[in-house]
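These are my notebook entries on what I looked up in this structure, kept in the order in which I turned to each part.

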Amino acid sequence: MDQITRLLGIMKRLRDPETGCPWDKEQTFATIAPYTLEETYEVLDAINREDFDDLRGELGDLLFQVVFYAQMAQEEDRFNFDDICEAISDKLERRHPHIFGDATAENSTEVLARWEQIKSDERAEKAQHSAIDDIPHALPALMRAHKIQKRCSAVGFDWTTLGPVLDKVYEEIDEVMFEAKQAVVDEAKLEEEVGDLLFATVNLARHLGTKAETALQKANLKFERRFREVEQIIAAQGLKMEQATLDQMENAWQQVKRKDSDI
């Protein structure tokens, strides 16, 4: 028995109406969705840590999510695991005509350009006429902003130089501060302006050749590491963080930063 067949069999037994697991039998597409997101992030975390033993297990957990959806769909006579495999196989062959057809592509730039054209044609066939029609709303906000901007750029709605992109960031900062300094702050308007600033910052990151989501993830990790070192320095002074002054914490922070710069 191959391992996919074994896994599908396990999933079927877990969902058996008579002898299955009570928890697994209760699940629906909606209740499983949050676990899928969690497992995806655990895969990414293992990759970032370069822990490939852990990655093997996390990929198995993610695959189990697909198998779970397939089993529930099969129970409702919607589709099954083979249909999922067929759909992705068809898509990959369709989107790689330079491998499975007569088209040619000399480099990755040409591959990506053809990929976007094929996706555009597919959207048209589905009566999705906007370039941004099929971008999932459930994506993390920074990632979704990047995809929206990339799609707009593909149809020419984009700045071609860095100057206007940076100017837009400064403009949005000014608008945030204008709202923040009002005698009576309009919280909804302030939130809108902060959102515009974040969107402009994502655009700057994209023009600089990086992804804001990835950059922020790395910034979070750096901040966490440095903050823990600050906690250790303060503890070595016989203090709890709540007892330390802001100046003491700032001095510790600068000490950590200086150590980083010496590495």
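Entry 1, an aromatic cluster. I began with Phe-223, in a model that is predicted, and asked whether this residue is buried or exposed. Phe-223 has a relative accessibility of 46%, and because buried means under 20% and exposed over 50%, I wrote Phe-223 down as partly exposed. Phe-223 and Trp-253 form an aromatic pair of the tilted kind, with 5.2 Å centre to centre and 45° between the planes. I noted that this pair links distant parts of the chain, since Phe-223 belongs to helix α11 and Trp-253 to helix α12 (residues 246-262), 30 residues apart.

I then went through the whole structure for such pairs, and the search gave 5 aromatic pairs. One of them joins Phe-223 to Phe-227 and is stacked, with the ring centres 6.2 Å apart and 10° between the planes. Here both partners sit in helix α11, and they are 4 residues apart, which is about one turn of the helix. Phe-227, at a relative accessible area of 32%, is partly exposed. Taken together, Phe-223, Phe-227 and Trp-253 make up one aromatic cluster.

Entry 2, a buried charged residue. While I was in helix α11 I also looked up Glu-229, which lies in that helix. Its relative accessibility is 14%, so Glu-229 counts as buried. Which residues does Glu-229 touch, if those up to four places away in sequence are not counted? I found Val-256 and Lys-259.

Entry 3, the nonpolar cores. Which residues make up the largest nonpolar core? I listed 9 of them, namely Leu-7, Met-11, Ile-32, Val-67, Phe-68, Tyr-69, Ala-70, Met-72 and Phe-81. Helices α1 (3-14) and α4 (52-75) each supply at least two residues of this core, and the largest share, 5 residues, comes from α4. I followed Phe-81 further and saw that, leaving out residues up to four places away in sequence, Phe-81 touches Ile-4, Leu-8, Val-66, Val-67 and Ala-70. There is also a second, separate core of 8 residues, and among them are Ile-234, Met-241, Ala-244 and Ala-252.

Entry 4, Tyr-35 and a partner along the chain. I found Tyr-35 in helix α3, and at 35% relative accessibility Tyr-35 counts as partly exposed. When neighbours within four places in sequence are set aside, Tyr-35 is in contact with Trp-23 and Gln-65. The second of these partners, Gln-65, is 30 residues apart from Tyr-35 along the chain, yet their C-alpha atoms are separated by 7.9 Å.

Entry 5, two loop residues with a positive phi. I reminded myself that most residues other than glycine have a negative phi. Glu-50 is not a glycine and still has a positive phi of about 55°; I located Glu-50 in the loop between α3 and α4. With a relative accessible area of 61%, Glu-50 is exposed. Asp-77, also not a glycine, has a positive phi of about 55°, and Asp-77 lies in the loop between α4 and α5. Its relative accessible area is 73%, and Asp-77 is therefore exposed.

Entry 6, the largest pocket. I turned last to empty space, which can be found by rolling a probe the size of a water molecule over the atoms. What is the volume of the largest pocket? I recorded about 740 Å³. The largest pocket is lined by 29 residues, and the closest to its centre are Lys-119, Pro-136, Lys-147, Lys-150 and Arg-151. Sorting the lining by residue type, I counted 9 nonpolar, 5 polar and 15 charged residues. I then asked which helices supply at least two residues each to this lining, and wrote down α3 (29-48), α5 (81-95), α7 (108-125), α8 (141-154) and α11 (212-236). The largest share of the lining, 7 residues, comes from α7.

Key. Residues numbered from 1 in each chain as written. Predicted model: local features only at pLDDT ≥ 70, side-chain atom pairs only at ≥ 80, totals over all residues. Heavy atoms only, no water. 1 Å grid on protein atoms, 1.4 Å probe; cavity = no way out; pocket = protein on both sides within 12 Å on 5 of 7 lines; lining within 4 Å. Points joined across faces, edges and corners; volume = space filled by probe spheres on them. Nonpolar A, V, L, I, M, F, W, Y, C, P; charged D, E, K, R; others polar. Phe/Tyr/Trp six-rings, centres within 6.5 Å; stacked < 30°, edge-to-face > 60°. Buried < 20%, exposed > 50% of the residue type's maximum accessible area, 1.4 Å probe, protein only. Contact = heavy atoms within 4.5 Å. Core = buried A, V, L, I, M, F, W, Y, C linked by side-chain atoms within 4.5 Å.
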